[in-house]
Amino acid sequence: MDKEINILFIDDSIDDVEILKLEIQKEGYTIVGDIAKTDEEIKRLQINSYDIIILDYTLHSFSALNVLKILKKQNNQTPIIVVSNAQISDVSPEIFQLGANDFINKNKLNRLVYSIEREIEQQKHRQELTKLKLEFESHQQVLDEQNQLINQLIEATSNPIFYKNKKGIYLGCNQAFANFIGRKKEDIIGKTVYDISPKELADKYRQQDDAFFENPITQRYEHKVQHADGQLMDVVFFKNPIINGNGKIIGLVGHMLNITDIKNAEKKLEESEKRYRFFSDITTEGIVIHEGMIALDMNKSFEKMLEYSREEILNRSLFDFIPFKDDHELILKNVALNKNKPYQIRIKTKQNKIKTVEVEARDLKIEETNNRVVVVRDVTKQIEFEKEISQSQKKYQKLINDMHEGMGITDLDENIVFANPAFHKMFGYKDGELLGFNLKKLIPNNELVKIHKETKSRKDGNSSTYNVNIKRKDGADRIISVSASPYYNENNIVSGTIALFIDVTQQVKFNTDLSKRYEFEKKIFDISSRFLSSEDFDHKVNASLADLGLLTNADRVYILLIDNKYKTFSVSNEWCNTGVIKITPNYQNHPINVVEWGLNMLAKREQIYIKDINTLSEAAYALKEYFIKNEVSSFIGFPIFVGHDLAGIIGVSNPQKIRDYSNNEFLLLRNAGEVLSNAIQRKLAEDRIGNLNDKLLLKNKELEQVLYVTSHDIRSPLVNIVGFTRELSKAIDELNELIVKEEITPEDKENINYLINEDIPEILKFINAGGVKMDRLLYGLLKLSRLGRTVIESSDVNLNNLFSEILESFEFQIQSNKIEIKIDKFPILKTDRNLISQVLSNLIDNAVKYFDEAKKSYIKIKHQLTTHDYLIIIEDNGVGIPEDNKDTVFEIFNRLKPDMAEGEGLGLTIIKKGVERLGGTINLESKEGVGCKFIITFPLKQ
């Protein structure tokens with residue numbers, strides 16, 4: 001379908017117009033419109049009803065420039081395109097000054113439609129811009145009216161109001177503020193508090209401003225203001241943030257309540273009236289402007305009170321927020337009677353909460369409108385605090401009684417002469433019970449010195465704010481913030497103290513908890529970062545134990561290492577709190593069964609936390625007894641693993657503060673325990689690897705020694721066997737030669753007889769001796785090898801019976817050599833009976849073999865118990881061993897006196913290996929010609 005376009009052609013040539021139409025129609029346009037040939041025709045047309053005007057520059061009957069002037073005079077808004085046969089350089093530039101939008105040469109009419117479309121589009125943009133401008137001007141006018149309304153509202157209030165930027169420069173104020181401080185507004189705006197107030201007051205104002213911008217919530221405080229004539233006035237300041245369109249705080253707005261008259265009026269009122277003249281806190285009122293109950297404007301406090309946004313309240317009936325019909329009737333009645341006194345109604349918030357509020361309305365005449373300004377106060381939190389104070393003692397009483405903060409007055413002897421209900425509630429008493437009480441009955445003894453000092457300060461006319469601990473009637477401890485000032489009688493003499501009391505227990509606890517949490521997290525970080533390297537490991541472990549102990553205020557924190565092989569535990573590291581005695585010396589190689597229940601819990605790779613050991617079940621009886629014995633009432637344990645084995649625990653005894661920590665803090669504490677546990681685990685693993693390496697080196701050394709000695713000792717008989725085998729071969733060859741002779745001479749017979757009866761038997765004897773020696777050596781090595789693989793089976797061994805059996809087997813040698821046996825009475829020893837029997841038999845065998853024929857021989861068998869070890873001692877006065885050889889006697893195949901007894905030198909090697917397999921050590925004390933003393937040592941964990 002063709003596009004329609006409305007065009008006014010101004011041309012005195014119909015033919016030229018047709019050419020132009022054809023060019024436009026080629027692009028699919030349907031043309032409607034008119035053709036004007038004269039000035040008069042142009043003047044009769046509605047120029048702005050066309051989409052475009054096409055003007056021929058080379059008109060014959062009238063001037064194109066004159067046409068443009070006529071159009072301009074008619075306030076033409078329609079785009080104009082000038083066409084001509086002439087070049088642009090030949091056309092007067094005045095056409096553009098007179099309103100032409102474009103110029104087209106008739107030789108280039110292919111640009112005409114493009115120019116028309118472009119100019120129409122631009123015309124639309126110009127019209128939209130004009131429309132937007134008109135709308136903007138309209139909005140601006142509304143904004144100006146609203147600003148005027150707000151300014152009138154600010155100026156209409158009797159409260160001094162001011163606003164500043166963040167640099168403390170006054171941006172504005174109402175006339176009430178200027179009048180209040182006795183200055184002109186132009187002398188205030190652009191200045192700071194230091195320009196309009198004494199320095200001691202200005203410092204306070206600036207300090208409060210700085211505090212407000214650090215925490216930009218509604219600020220309230222009481223201070224002095226000095227009038228230009230020097231008069232000081234008492235005021236209550238209220239400050240709120242000024243926020244720009246981007247949500248950024250750019251300043252503050254404040255207003256003041258003059259309480260000077262309240263304080264001055266106290267001199268004229270009766271003593272009972274004075275009690276109600278001081279009040280401490282008023283929240284900012286909600287303010288709403290309405291016309292016929294339709295909300296036109298409101299402040300932030302009103303929005304906050306209803307919990308609706310400004311947009312949700314504007315242009316709605318206030319009755320939408322007042323759910324009860326009787327309140328509707330009360331409001332309409334007050335509006336009809338034009339009553340200005342406050343009255344109470346109920347409102348419903350967005351969260352469906354019902355609030356009782358006190359409203360006070362005033363007419364506000366703005367131009368021809370009849371608006372009302374309504375001040376709304378939440379009576380559960382606010383009491384009117386202005387000129388009404390002096391009008392009604394009942395109102396003062398209500399104010400004081402409805403306060404959430406406690407208010408009290410004491411005389412100079414610290415007797416309570418007045419206390420509001422909040423004060424009674426704060427101390428846990430019924431209203432009126434505290435009158436006549438002395439503070440000594442309410443304040444702990446350790447706080448009385450502070451109270452006496454504050455009372456003395458009051459006598460000197462000083463005010464102060466301080467915290468004091470109190471004890472409620474129910475015994476609960478609370479922390480109270482006290483703002484106290486001197487209380488003057490009618491003669492202006494200090495007669496006591498008037499004070500405001502606020503319970504800050506939770507705030508103090510929060511600050512304390514915050515500080516504790518910071519310290520807590522710092523200590524946790526210190527522990528976590530301490531083990532980045534393994535240098536000075538014990539010192540780092542001890543420092544970390546101290547950190548855990550101080551964090552939990554525990555009695556002690558320690559590391560308990562487990563010996564899974566011998567089922568014992570030992571305390572390796574320990575931190576103790578002041579006055580707590582260390583347990584480390586007494587807990588070495590301690591039986592594991594007493595703590596087995598706890599270890600089974602820790603074996604699940606989770607920490608255990610026993611808040612009260614009395615709650616332990618019967619299954620944990622041994623652990624409970626262990627805790628009671630060591631005065632442990634609560635306990636935390638963190639496991640230490642090496643591989644899959646539980647290698648130890650980190651124990652925290654009596655953590656006094658842990659119950660106050662949050663779950664997150666306990667999680668951090670557990671992480672610290674895991675960090676320390678992992679560090680110890682890594683160190684134990686490194687130590688275990690080190691021990692295994694040491695053992696491997698020792699085994700390699702032993703193996704090298706065995707290979708060397710074995711190859712040497714076996715080679716000697718082997719050489720003999722090989723040599724004598726060759727000799728035997730020669731003898732047999734010689735015998736064969738003699739036997740095969742045809743004639744055997746007597747000499748041959750003699751040689752045959754010698755070979756058969758002497759030479760060959762002697763060779764076979766030497767061969768047999770070498771074989772026997774090799775067999776003994778190999779048997780000894782096999783015996784030593786089997787000893788290293790023997791499974792140790794511990795049982796209770798009666799050493800007295802064992803020694804009787806061993807000595808009985810040597811009875812013949814002992815009696816033959818007249819050796820005296822001296823033996824102690826031995827206890828029961830838990831060990832492997834076969835292996836300990838082999839060790840003790842070999843030691844007694846050596847003592848019997850190597851007795852000294854030159855003196856009366858004896859063998860002493862004794863035992864000894866030390867703090868950590870159990871010793872078995874076998875001592876003789878035999879031939880002894882030279883001191884130079886004491887370190888080599890336990891080496892394999894070592895024989896110091898081969899002429900005194902048979903053997904391969906494996907006896908002491910087997911003894912040493914057997915003792916080590918039993919978990920002990922063996923040492924030798926000896927002197928040649930004096931005797932030997934072998935000492936076997938078993939740790940007490942045996």
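**Sheets, cores and salt bridges**

I409 stands opposite I498 in β20. The model that shows this pairing is a predicted one. Strand β16, residues 406-411, runs antiparallel to strand β20, residues 494-503, and six bridges join the two. These strands belong to an open sheet of five, arranged in the order β17-β16-β20-β19-β18 with antiparallel pairing. The edges are held by β17 (416-419) and β18 (464-471); each has a single partner strand, so one side of each is left without a neighbour in the sheet. From one strand to the next, the twist averages 30°. Strands of a sheet pair through backbone hydrogen bonds, in either a parallel or an antiparallel sense.

Helix α16, residues 445-459, lies across β18, β19 (477-488) and β20 of this sheet, and its direction is at about 145° to β18. Within this helix, E454 and R458 form a salt bridge whose closest N and O atoms are 2.7 Å apart. Because the two residues are four apart in helix α16, about one helical turn separates them. E454 counts as buried because its relative accessibility is 14%, and R458 counts as buried at 0%.

A second set of pairings centres on β25. This strand, residues 635-642, is mostly covered, with eight of its eight residues buried. F635, G637, P639 and F641 point one way from β25, while I636, F638, I640 and V642 point the other way, and all are buried. Strand β24 (residues 608-610) pairs with β25 in the antiparallel sense over three bridges, and I610 stands opposite F635 there. Strand β26, residues 645-653, also pairs antiparallel with β25, over eight bridges. In β26, G651 is the bridge partner of G637.

Further along the chain is the largest nonpolar core, with 37 residues, in which L799, L840, L843, I844, I872 and I936 touch the most other members. Two or more residues come from each of α23 (799-809), α25 (833-849), β30 (858-865), β31 (869-876), α26 (907-917), β32 (921-927) and β33 (931-939). Helix α25 gives the largest share of this core, eight residues. Beyond its neighbours within four places in sequence, L843 is in contact with I874, L908, I911, I922, F934 and I936. Another core lies apart from this one; it has 24 residues, including L599, I608, I613 and L646.

The charged pairs remain. Side chains of opposite charge can pair when their charged atoms come close. The structure holds 32 salt bridges. In one of them the side chains of D297 and R310 meet at 2.7 Å, N to O. D297 lies in strand β12 (residues 294-298) and R310 in helix α12 (residues 310-313), so this pair ties together parts that are 13 residues apart in sequence. D297 counts as buried because its relative accessibility is 9%, whereas R310, at 24%, counts as partly exposed.

K862 and E875 also meet through their side chains in a salt bridge, at 3.6 Å from N to O. This pair links distant parts of the chain, with K862 in strand β30 and E875 in strand β31, 13 residues apart. K862 has 28% relative accessibility and therefore counts as partly exposed; E875, at 16%, counts as buried. Elsewhere, salt bridges that share partners join D16, D56 and K106 into one network.

Methods: Residues are numbered from 1 along each chain as its sequence is written. This is a predicted model: local features need pLDDT of at least 70, side-chain atom pairs count only at pLDDT 80 or more; totals for chains, interfaces and linings use all residues. Side-chain values use heavy atoms; hydrogens and water are left out. Two strands pair if DSSP finds at least two bridges between them. Axes are lines fitted to C-alpha atoms, for helices over the stretch in contact, and angles run from 0 to 180 degrees between N-to-C directions. Contact means heavy atoms within 4.5 Å. A nonpolar core is a set of buried Ala, Val, Leu, Ile, Met, Phe, Trp, Tyr and Cys residues joined through side-chain atoms within 4.5 Å. Buried means under 20% relative accessible area, exposed over 50%, partly exposed in between (1.4 Å probe, protein chains only). A salt bridge is a side-chain nitrogen of Lys or Arg within 4 Å of a carboxyl oxygen of Asp or Glu.
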